[in-house]
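Trainee: I'd like to learn how to read burial, domain interfaces and salt bridges in a model. Could you take me through them one at a time?

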Amino acid sequence: MTDATLTSWIDVPAGHDFPLANLPFGIFSNPRGGARPGMRLGDHVVDLSACHALGFLDGVEVNAEVLVAPVLNPLMKLGKPVTVALRERVQTLFHSDCAELRDRSDAHASCLVAMDDVQMHMPVEVGDYTDFYSSEDHARNVGKMFRDPDNALLPNWKHMPVGYHGRASSIVVSGTPIRRPMGQTRPDPDAAPVFGPSRLLDFELEMAFITFEGKPMGERISTAEAEDHIFGLVLFNDWSARDIQKWEYVPLGPFLGKNFGSSISPWVVTLEALDHLRVAGPNQDPAVLDYLTYEGDSHYNVPLEVEIVPEGQGAGQVVCRSNFRHMYWNMRQQLAHHTVNGCNLRAGDMMASGTISGPEKGSFGSMLEISWRGTEPVDMPDGSARKFIQDGDTVVMRAPYFGEVRGKLLPA
Ligand code: CA
């Protein structure tokens, strides 16, 4: 159900990112208690532990322990039927027509916490992080810049969702500053490499999905089964040091140019909440192998934007307007490919889309593409210009239903 058909007795302004139809999961703390699971509704957090203690979650197969855990993993380990039932129960509880909690004003203060009073935390303990490379326009742009404009895509690209294993330990929640990395680069291709701060610091506009437990090691998950193993999505800024990356990445792929930090939005938007945004994907030609075929609309129409806010400025410059629908490979295909060799998944694994670029200028999802390798600087409202990210800049990514992920770049 969408916003229009679901109204709450809590005031949620029209067009808000977090209407009753959304109800994402997150981990919050407030003066009353430590980090624990909550759900976002308008400008409030639903305190699930408090609702449970007062009996408002009776009938949902959750126990008190998972609702006071500092991450969502224990709740997710109960499986999708439980998280779906929990979300549906909370949706009922806060619906305009439901009097159970609405008319218990004595319980409102414990069950509902104003967003102004909370701090958000990492929603999950990420076990493994995989980064795909699934936007055709991004892969083409990068291929044109660094390889052959006439053969921008490598021969494997349209046959499999290419990806690599990233680093989970440095994934941080929105608001956490990121320090410009030091590293080894070779700015002059005819001279020896040098050590120092990265000079080409970039963002990557991505979305990431978080998995439930998969199957035992050795078994695969089909595209038809994939959605049963996807909990929800977050916005994902995969900070990248282009100069470190360029020197290090052959032959084993990205390493220190990528693993110094990735930022995520704090609210995990469930796959169910995004159901009304499903759209058809692109025609895949050449035809994919059988295990990558799928039925039904499996892409999602989620508009995305990126703003750079210079140090000390209230507002910045929107440098990108893209959309999650600009994916060649969808999440079901990514998950089927990831497990086709028997690789197992755990609750809390995170799988990022890869940079999401659209087909035209203005929709590119990284400064590398926006400034076309630094040849086309972007003007900022304060009179400065950007080829890449400067110290003190805050990068903000936004999407309806997701809110935002923001991170400030600190000097090396
Ligand atoms: Ca990436």
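Mentor: Sure. Keep in mind that this is a predicted model. Let's begin with Asp275, which has a relative accessible area of 43% and so counts as partly exposed. Asp275 sits in the loop between strand S17 (269-270) and strand S18 (278-279).

Trainee: Asp275 and Glu248 are 27 residues apart in sequence, so how far apart are they in space?

Mentor: From C-alpha to C-alpha, Asp275 and Glu248 are 40 Å apart.

Trainee: What about Asp202, buried or exposed?

Mentor: The cut-off for buried is under 20% relative accessible area. Asp202 has 0%, so it is buried. You'll find Asp202 in strand S12 (residues 201-202). Leaving aside neighbours within four places in sequence, its contacts include Trp239, Ser240, Met367 and Phe388.

Trainee: Which side chain does Asp202 join in a polar contact of 2.8 Å?

Mentor: That of Arg242. Arg242 also forms a salt bridge with Glu204, at 3.1 Å from N to O. That pair links distant parts of the chain, with Arg242 in helix H7 (residues 242-248) and Glu204 in the loop between S12 and S13, 38 residues apart. Both Arg242 and Glu204 are buried.

Trainee: How do I read burial for a whole helix?

Mentor: Count its buried residues, then look for what covers them. For helix H8 (residues 331-339), nine of nine residues are buried. Among them are Arg332, Leu335 and His338. The cover includes strand S6 (129-132), strand S13 (205-211) and strand S22 (350-352).

Trainee: What happens at the start of H8?

Mentor: A side-chain oxygen of Asn330 comes to within 3.0 Å of the backbone nitrogen of Arg332.

Trainee: Now the domains. How is the protein chain divided?

Mentor: Into domain 1 (25-121) and domain 2 (129-301 + 325-369). For an interface, look at area, contacts and chemistry. Here 18 residues of domain 1 contact 18 residues of domain 2. About 1,400 Å² is buried between the two domains, with carbon and sulfur atoms giving 69% of that area. On the domain 1 side, Phe25, Met76 and Lys80 lose the most area to domain 2, together 46% of what that side buries.

Trainee: How many salt bridges does the rule find across that interface?

Mentor: One. Lys80 pairs with Glu272, and their closest N and O atoms are 3.0 Å apart. There are also six residue pairs in polar contact between the domains. Several elements of domain 1 each supply at least two residues to the side touching domain 2, including strand S1 (25-30) and helix H3 (80-93). H3 gives the most, with four residues. By type, that side of domain 1 has eight nonpolar, six polar and four charged residues.

Trainee: And how many salt bridges are there in the whole structure?

Mentor: The search finds 25. One of them joins the side chains of Asp47 and Arg32, at 3.9 Å from N to O. Asp47 lies in strand S3 (residues 44-47) and Arg32 in the loop between S1 and S2, 15 residues apart. Asp47 counts as buried because its relative accessibility is 3%.

Trainee: What should I look at after single pairs?

Mentor: Look for shared partners. Glu307 and Arg398 form a salt bridge, their closest N and O atoms being 2.8 Å apart. Glu307 is in strand S20 (residues 303-309) and Arg398 in strand S25 (residues 394-399), 91 residues apart. Glu307 is buried at 9% relative accessible area, while Arg398 is partly exposed at 26%. Salt bridges with shared partners join Glu305, Glu307, Arg321, Arg398, Glu404 and Arg406 into one network.

How values were computed: Residues are numbered from 1 along each chain as its sequence is written. This is a predicted model: local features need pLDDT of at least 70, side-chain atom pairs count only at pLDDT 80 or more; totals for chains, interfaces and linings use all residues. Side-chain values use heavy atoms; hydrogens and water are left out. Buried means under 20% relative accessible area, exposed over 50%, partly exposed in between (1.4 Å probe, protein chains only). Contact means heavy atoms within 4.5 Å. A polar contact is a pair of N or O atoms within 3.5 Å; within protein, one must be able to donate a hydrogen and the other to accept it, and residues adjacent in sequence count only if both atoms are side-chain atoms. Domain bounds come from an automatic or database domain assignment. Buried area is the accessible area (1.4 Å probe) that two parts lose on being put together, summed over both. A salt bridge is a side-chain nitrogen of Lys or Arg within 4 Å of a carboxyl oxygen of Asp or Glu. Ala, Val, Leu, Ile, Met, Phe, Trp, Tyr, Cys and Pro count as nonpolar, Asp, Glu, Lys and Arg as charged, and the others, Gly among them, as polar.
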